[in-house]
Amino acid sequence: MPALRMDELRGEMRYDEPLSRHTSWRVGGPARRFYQPADSADLVAFLGLLEPDEPLLWLGLGSNLLVRDGGFAGTVIATQGRLNGLTLEEPGIIRAEAGVACAKVARFAARAGLCGAEFLAGIPGTLGGALAMNAGAFGGEVWQRVLKVVTVDRSGRLTERVVQDFSIGYRQVTGPEGEWFIAGLLALEAGDAKAAQVEIRRLLERRAATQPTRQPSCGSVFRNPPGDHAGRLIEAAGLKGYAIGGARVSDKHANFIVNTGQASAADIEALISHVQDEVERASGERLIPEVHRVGEAV
Ligand SMILES: Cc1cc2nc3c(=O)[nH]c(=O)nc-3n(C[C@H](O)[C@H](O)[C@H](O)COP(=O)(O)OP(=O)(O)OC[C@H]3O[C@@H](n4cnc5c(N)ncnc54)[C@H](O)[C@@H]3O)c2cc1C
């Protein structure tokens with residue numbers, strides 16, 4: 001693989017970077033190359049220099065990613081804190097770049113006296129990850145707020161896209177092949193700054209009361225089947241507290257798998273399969289993982 005002309009770039013490249021440092025489960029083998037762009041212009045330049053067949057993995061806060069123990073044999077593009085522009089474009093419209101944490105978007109909107117983004121406060125990912133997943137909570141989903149997005153393809157070409165260019169579902173987004181999110185414009189309603197801040201606190205307290213927020217996890221592992229809750233089905237199958245290696249079905253919320261300290265990605269993946277099999281045996285429902293799985297097993 002020819003070396004990239006790093007002298008033309010302003011970002012930071014690491015080699016064999018352990019992805020366990022960058023995922024909320026704290027598991028995952030190394031990335032062959034790990035690039036943190038200086039900003040979106042630098043990212044565009046970086047993409048323009050990449051070999052056309054280099055495998056790419058986009059990474060926000062790694063809060064919905066299971067990276068296997070053998071790592072990722074390609075280039076990871078880490079946006080968190082790098083694509084970090086956050087501005088009030090015009091009254092009621094916020095522009096956030098892909099690497100901005102959802103919590104920051106929620107607080108920024110609340111301070112500006114805008115409501116409708118409060119649900120983002122407890123989602124521990126970036127806006128880019130939220131757009132890729134159609135992240136949502138407490139009845140809100142990020143794409144309900146999207147006016148436009150800016151995407152980039154692997155040659156570095158930027159495109160402004162509207163919602164109609166995407167097929168949006170529950171924790172699922174399909175869009176033009178080979179494009180990733182650089183930024184999003186969110187439309188919010190005029191409201192009261194104080195009330196929005198109070199609502200954020202209320203939602204965070206509710207989350208802390210019902211979710212194992214202090215243990216490494218990826219949030220809900222499985223999508224809720226129509227008209228039901230994955231957590232209820234897992235609990236009904238008697239799996240609360242069930243463990244494989246260091247991976248354990250949370251006692252607090254059965255749709256969470258927590259890393260009790262020494263879990264490997266293989267432990268987590270084995271537990272995901274076990275839960276799917278047992279729930280299917282008990283209820284006839286085959287749960288579909290929400291979490292994205294990438295990389296090589298060892
Ligand atoms: C404690 C906890 C609670 C959670 N609660 C919720 C919740 O209430 N609701 C909810 O929806 N989710 C929840 N999650 C899951 C997760 O936070 C969300 O899915 C979040 O949107 C993922 O963002 P991220 O930046 O961490 O993405 P990552 O995990 O880094 O990536 C997720 C996927 O998005 C892709 N991706 C990342 N950035 C981009 C980009 N710029 N362009 C294109 N693709 C990209 C990645 O390649 C990957 O496929 C929770 C997770 C945890 C740990």
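Q: What makes the backbone N or O atom of W58 and an oxygen atom of the ligand a polar contact?
A: The two atoms lie 2.6 Å apart, and a polar contact is a pair of N or O atoms within 3.5 Å (within protein, one must be able to donate a hydrogen and the other to accept it, and residues adjacent in sequence count only if both atoms are side-chain atoms). The W58 pair therefore qualifies. This is a predicted model, in which local features need pLDDT of at least 70 and side-chain atom pairs count only at pLDDT 80 or more, while totals for chains, interfaces and linings use all residues. Residues are numbered from 1 along each chain as its sequence is written, and side-chain values use heavy atoms, with hydrogens and water left out.

Q: Which N or O atoms of S63 and A130 lie by an oxygen atom of the ligand, and at what distance?
A: In S63 it is a side-chain atom, 2.6 Å from a ligand oxygen. In A130 it is a backbone atom, 3.3 Å from a ligand oxygen. The protein covers 92% of the 970 Å² of accessible area that the ligand has on its own (Shrake-Rupley method, 1.4 Å probe).

Q: Which residues around the ligand come nearest, and which element gives the largest share of the shell?
A: There are 32 residues around the ligand, and W58, S63, T126, G136 and H292 come nearest; a residue is near if one of its heavy atoms lies within 4 Å. Helix α3 gives the largest share, five residues. Elements that each supply at least two shell residues are β3 (56-59), α3 (127-133), β9 (136-137) and β15.

Q: Why is the pair of Y35 and F46 called stacked?
A: Rings of Phe, Tyr and Trp (its six-membered ring) pair if their centres lie within 6.5 Å; planes under 30 degrees apart count as stacked, over 60 as edge-to-face and the rest as tilted. By this rule there are five aromatic pairs. The Y35 and F46 centres are 3.9 Å apart and their planes differ by 5°, so this pair is stacked. Y35 sits in strand β2 (residues 30-36) and F46 in helix α1 (residues 40-49), eleven residues apart.

Q: Why is the pair of F166 and F181 tilted?
A: Their centres are 5.7 Å apart and their planes meet at 35°, so the pair falls in the tilted class. F166 lies in the loop between β12 (158-162) and β13 (167-169), and F181 in strand β15 (residues 179-187). Together with W143 they form one aromatic cluster.

Q: How do you know that the sulfur of C102 is not in a bond with C218?
A: A disulfide needs two cysteine sulfur atoms within 2.5 Å. For C102 the closest cysteine sulfur, in C218, is 14 Å away, too far for a bond. The structure holds zero disulfides.

Q: Is C102 buried or exposed, and what of C218?
A: Buried means under 20% relative accessible area, exposed over 50%, partly exposed in between (1.4 Å probe, protein chains only). C102 has 0%, so C102 is buried; C218 has 5%, so C218 is buried too.

Q: What is notable about phi in R26 and R171, neither of which is a glycine?
A: Most residues other than glycine have a negative phi. R26, however, has a positive phi of about 65°, and R171 has a positive phi of about 55°. R26 lies in the loop between β1 (12-18) and β2, and R171 in the loop between β13 and β14 (172-174). R26 has 48% relative accessibility, so R26 is partly exposed, whereas R171 has 15%, so R171 is buried.

Key:
Helices (H or I, at least four residues) and strands (E, at least two) are DSSP runs, numbered from the N terminus.
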